[in-house]
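Me: Please take a close look at the sheet in this model and at how the helices around it are arranged. I would like one connected account, with the cut-offs behind each term.

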Amino acid sequence: MIDIVANLKIDESKSERFDYFLACIKSLEYLKDTESKFIFNLEGISQRFFDQTDFLFQQMGVNYQLSKISLGDYGTTYTELLKSGSNPYVMNFIEDHFSMIDNFTTLGNILNRMQHNQVDICKATFFQIEQNSSRTLKLIGADEYGKYFINDTYNHNEYQRYYGKRYYIGVNFITTRTFAEKFWDRKLSKRPHEHEVVNFNPEWFHNCMIPNIEILCAIDDNHGEEGTRLLDRKEERFWKIYNSITGVNVA
């Protein structure tokens with residue numbers, strides 16, 4: 001199935017951020033009956049919040065590994081975390097993003113299409129942003145699950161046309177394990193995105209998928225597209241999960 005991998009530093013001075021973090025984890029509870037694994041590293045976290053996270057994972061009944069190590073730069077630590085998993089796909093987890101995939105079947109369909117179309121990266125940021133960014137791409141295919149294209153020089157430049165220069169690969173994505181290991185274990189730079197921010201880098205030539213469903217949505221950042229942040233969408237099921245954890249009804 002899929003490994004959910006996270007290397008995070010959470011601002012504990014803002015309690016709502018930790019509540020968001022827990023709700024985001026809870027949203028993936030449907031993976032408990034699969035071979036998926038949660039591999040989380042919470043760098044610099046207090047023992048109180050570490051124990052709270054550990055307790056939530058135990059309650060959910062999922063397969064997980066929880067640590068609070070620091071091996072230097074982000075990429076080195078993340079690469080080490082990847083070694084603890086074995087599933088063929090990896091989802092990068094960020095504490096202020098919420099998974100909009102409701103169930104195992106929906107996620108399974110996405111992964112099956114990735115395998116069928118030999119997709120290396122499934123773009124998993126904001127639905128409307130990805131749809132707008134794909135309007136002028138040269139596609140190699142499309143179906144009910146999404147659009148498929150090759151990240152070459154042309155598509156790299158066209159993808160950035162709608163919003164200007166922005167991360168092409170980004171940090172919110174599902175990838176094959178092979179690509180994840182290559183991406184995070186780079187030797188050219190300690191920064192995760194330095195080489196794909198502005199110019200096409202042939203090192204990251206790959207097949208890509210933009211799904212027809214929203215995979216991740218930010219809590220308080222719209223990234224230039226109105227209506228994409230959860231704070232503007234109180235009807236979403238996220239708030240039911242958030243309310244169940246905090247005991248505070250914010251919807």
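Reply: A convenient place to begin is Ile39, which stands opposite Gln65 in S3. The model is predicted, so to speak of local features requires pLDDT of at least 70 and side-chain atom pairs count only at pLDDT 80 or more, while totals for chains, interfaces and linings use all residues. Residues are numbered from 1 along each chain as its sequence is written, and side-chain values use heavy atoms, leaving out hydrogens and water.

Strand S2 (residues 37-42) and strand S3 (residues 63-67) run parallel and are joined by 5 bridges; DSSP must find at least two bridges for strands to pair. Elements are DSSP runs numbered from the N terminus: helices are H or I of at least four residues, strands E of at least two. With helix H2 (residues 47-60), S2 and S3 make a right-handed β-α-β unit, the path over the helix running clockwise when the strands point away from the viewer.

These strands belong to an open sheet of 9 strands with mixed pairing, ordered S3-S2-S1-S4-S9-S6-S10-S8-S7. S3 and strand S7 (139-143) are its edges, each pairing on one side only. From one strand to the next, the twist averages 20°.

Helix H3 (residues 74-82) packs on this sheet and touches strand S1 (2-8), S2, S3 and strand S4 (89-92); contact means heavy atoms within 4.5 Å. The direction of H3 makes about 150° with that of S1, where axes are fitted to C-alpha atoms (for helices, over the stretch in contact) and angles between N-to-C directions run from 0 to 180 degrees.

H3 also meets helix H7 (residues 177-184): their axes come within 8 Å and cross at roughly 150°. H3 is therefore roughly antiparallel to H7 (over 145 degrees; under 35 is roughly parallel, 65 to 115 roughly perpendicular, the rest oblique). The crossing of H3 and H7 is left-handed, the near helix being turned anticlockwise from the far one by less than a right angle; clockwise would be right-handed. Tyr74, Gly75, Tyr78, Thr79 and Leu82 of H3 face Arg177, Ala180, Glu181 and Trp184 of H7. By class, the residues of this contact are 5 nonpolar, 2 polar and 2 charged (nonpolar: Ala, Val, Leu, Ile, Met, Phe, Trp, Tyr, Cys, Pro; charged: Asp, Glu, Lys, Arg; polar: the others, Gly among them).

Another helix pair is H1 (residues 15-26) and H8 (residues 238-246), packed at an angle of about 115° with axes 9 Å apart. H1 passes H8 in a right-handed crossing.
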